[in-house]
There are 6 protein chains.
Amino acid sequence: MKQQGELSHYDRQGRARMVDVSGKAATRRQARARAFVSMSPETLARLARNPKGNPLEIARIAGISGAKRTAELIPLCHPLPLTHIDVEARVCENGVELLSSVSTTAATGVEMEALTAVAVAALTVYDMCKALDRGMEITAVGLLEKRGGRSGVWRRNKPCR
Amino acid sequence: MKQQGELSHYDRQGRARMVDVSGKAATRRQARARAFVSMSPETLARLARNPKGNPLEIARIAGISGAKRTAELIPLCHPLPLTHIDVEARVCENGVELLSSVSTTAATGVEMEALTAVAVAALTVYDMCKALDRGMEITAVGLLEKRGGRSGVWRRNKPCR
Amino acid sequence: MKQQGELSHYDRQGRARMVDVSGKAATRRQARARAFVSMSPETLARLARNPKGNPLEIARIAGISGAKRTAELIPLCHPLPLTHIDVEARVCENGVELLSSVSTTAATGVEMEALTAVAVAALTVYDMCKALDRGMEITAVGLLEKRGGRSGVWRRNKPCR
Amino acid sequence: MKQQGELSHYDRQGRARMVDVSGKAATRRQARARAFVSMSPETLARLARNPKGNPLEIARIAGISGAKRTAELIPLCHPLPLTHIDVEARVCENGVELLSSVSTTAATGVEMEALTAVAVAALTVYDMCKALDRGMEITAVGLLEKRGGRSGVWRRNKPCR
Amino acid sequence: MKQQGELSHYDRQGRARMVDVSGKAATRRQARARAFVSMSPETLARLARNPKGNPLEIARIAGISGAKRTAELIPLCHPLPLTHIDVEARVCENGVELLSSVSTTAATGVEMEALTAVAVAALTVYDMCKALDRGMEITAVGLLEKRGGRSGVWRRNKPCR
Amino acid sequence: MKQQGELSHYDRQGRARMVDVSGKAATRRQARARAFVSMSPETLARLARNPKGNPLEIARIAGISGAKRTAELIPLCHPLPLTHIDVEARVCENGVELLSSVSTTAATGVEMEALTAVAVAALTVYDMCKALDRGMEITAVGLLEKRGGRSGVWRRNKPCR
């Protein structure tokens, strides 16, 4: 039997493998994640002056679409029937913060979908601002919370850097 | 005429738009990017003991495949005929470093392809280790260098955080 | 609580968002849609003389395949496990009519899948005949009927134009 | 030798086939297309009152992304390195008009890419308004103009219906 | 009523159609398949000397990813929420054997997913070795076993050639 | 310098890598491949009696579409702007033979695209006939010929098994 906390993507021979969730019941799962695009005050100032705030809106849409493709991008992820994806994008003091929330009713969780959503949204922010500053950085991509499944609720206990 | 350094993804009305590269000649372009997955010493120790080192190899393959899908993920990116994609993954003191290099002969650069490669590779490392530690973070996703095109060579002048 | 008939893709701040169907039970849903490719009698005559009737068959296959990709094309659509997709293509007096029927057992409906099926089928008919006539038009793409879900049966009460 | 105006997607046995453009030089090509989503004044009024005008912006982004996937959706289309895609969405008296413009430097034209862009944008408008009115129709999807290639310029000589 | 053993992908008019599984209950299904890449002893010897055995590992990952895309590749396949995909690759006397196992809880089986997994894995082995020998062949792609569904267990009663 | 005939997908450390074709000129390339679906006389007889011969037509379309997705399926393949894809399907004494021909003007060849075309076409034939006979086998998937590139013409010198 598999021990709690082992690398479940590896079988006994050390080959990578997909976790078998065939025997597990479909239950409601949720995950929330975060990413940050740090940029110079000059770049940020131009972003804020943009009349329609669209870079953030396009990043949100790209993040939502990206979450739906998680199983295509991450080799050992299961394809899941997602019931909700939300991505928020907001201008902070030193950059743009991306927050995602993803839900499903399935036999496995949606942590990777939540992380993929913010990562793709952050890449889109980078793409839309890179003509101003190629030195931007995407930082602090991490899980904030997950709910549901055998291990129940998990919450990040210190903020992302 | 467009001024140097303006947000080229926006037109005069503030609507997001794809940059028109129809008039530009196809020239050789290259970009290199980096990401880091920070993890606890315990998680890292188990990673290193894995007999075949496969998590890194799968992350590399996922990053290469991810780079080919950049234009599907990032709404305003051009589809480009990539001539080379390389992703390196190596175990460092506090986590796993991902490095990418992407090349093309095209009318626009491959910065987003290089960044997408390391982002997808980093997400894959996260996925493969998350049973051990959900608190891992992806940090310091940034461009290291780009070559080719009208603006020539650009190099990051301070290390990613 | 959300009022009947509001734009459910928008939240209170006016940001576009995916409808959250996490709390809804999976029930059987069906939708039927229609599109029309209007073409000149000359183009239509050559279509009809084509010995194997294949343009229609390929359009049907493209429509079925297209329906499966609805959630990739339409940003706020949910990925759904479709249980049946049918596309019919038939030669009429002034063009080619496309009819689709899509079914699922899910927490949300398949109207967009049915519409995407006929739209992709119609684009394929256009593609296969465009060497004869670039002036063809796709018209009257609309929902004919949907069944299942809280709002029950809906039927178009006047024909598409 | 193939006659001008024949169904070039068919070979002599009547089997559908991709047009062979291997011998043709890559030249600059452009195409523009149009679609219309007709809706009731009530639906349109609510659309206009939406504070950020986002439905149109999301439709535009979906159309741009959709154009990049034309060769995946339409079986006999060639994959092309598109150099520009633009989609405009504007509120008219009886609905929303979508206009696209697509460019490439390739051995074949981008008519299907321009048509796919407006079709996907129109489907997205439908999706975002369907909670208000399922009876909307997508009409008048047609090519407006194409430039480049052996047959030169073609322009629609009567308006779409 | 449809007779046992008829070509269920065809309707009465001879048009190809997707099988309608809307009325069927979701039950647990499994399928196993096999493929073989035959190669010369010289090619095989170099494969075996490769220090990390990676060609097989990459083929395995490609096969797992490929299985998830079955419904995109095979026009009349249903999209299914796969709960497990495993691909094994092993060096034999005259080549490389690929074995897959795929599971779901769905209204239809996963035979095509299992076959697609080994086919894509075999193509990847070919790709990685083709610089040494273009004359390799992929042979004996077949189903080994399927379980679940109305027709129950089926097992191949003679070995693949 | 790399020696003729080495496994070019491996670098000196044994990590799999994409071949770098950045320095190579785009020249005209072609490849032809073959696959065979062997089936019982009973299955074959029913296939032949199908009034419209569609299974073969759908397999052809699936093969053409599949070739366009080669770089998504095979991790180390380059995305290429294919200028022609043809797939033939014909009924033989003991099954169905699939033949493909793929062309491009690019810095690398299209062997994998030709092989993917016949493999996907063969899987589609299997899918459409599996209700009659699950014991069918896909055999003899191999390259017939490739032209262009530094190594010039290569032809299979003995028939596939």
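The following paragraphs lead through the nonpolar core, a contact between two helices, and two alanines with an uncommon backbone setting in this predicted model.

The core is a suitable place to begin. In soluble globular proteins, nonpolar side chains tend to be buried together. Here the largest nonpolar core holds 330 residues, and the members that touch the most others are A:Ala121, C:Ala121 and F:Ala121. The surroundings of C:Ala121 can be followed in detail: beyond its neighbours within four places in sequence, C:Ala121 contacts C:Ala35, C:Ala59, C:Arg60, C:Ala62, C:Gly63, C:Val87, C:Ala89 and C:Leu98.

Attention now turns to the helices. Helix 4 of chain A and helix 4 of chain B, each spanning residues 111-129, have axes that come within 11 Å and cross at roughly 165 degrees. Because of this angle, the two helices are roughly antiparallel. Their crossing is right-handed. From chain A, the contact draws on A:Met112, A:Leu115, A:Thr116, A:Ala119, A:Leu123, A:Tyr126 and A:Asp127; from chain B, B:Met112, B:Leu115, B:Thr116, B:Ala119, B:Leu123, B:Tyr126 and B:Asp127 take part. By character, these contact residues comprise ten nonpolar, two polar and two charged.

The last topic is the backbone at position 140 in chains B and F. B:Ala140 belongs to strand 4 (residues 137-147) of chain B, and its phi is near 55 degrees, a positive value in a residue that is not glycine. B:Ala140 has 23 other C-beta atoms within 10 Å and is therefore buried, the cut-off being 20 or more. In chain F, F:Ala140 lies in strand 4 (residues 137-147) and has a positive phi of about 55 degrees, although it is not a glycine. F:Ala140 counts as buried because it has 23 C-beta neighbours inside 10 Å.

Terms used. Residues numbered from 1 in each chain as written. Chains lettered and ligands numbered in written order. Predicted model: local features only at pLDDT ≥ 70, side-chain atom pairs only at ≥ 80, totals over all residues. Core = buried A, V, L, I, M, F, W, Y, C linked by C-beta atoms within 7 Å. Buried ≥ 20, exposed ≤ 12 C-beta atoms within 10 Å, placed from the backbone. Contact = placed C-beta atoms within 7 Å. Axes fitted to C-alpha atoms, helices over the stretch in contact; angles between N-to-C directions. Helix = DSSP H or I, 4+ residues; strand = E, 2+ residues; numbered from the N terminus. Parallel < 35°, antiparallel > 145°, perpendicular 65-115°, else oblique. Left-handed = near helix turned anticlockwise from the far one by under 90°. Nonpolar A, V, L, I, M, F, W, Y, C, P; charged D, E, K, R; others polar.
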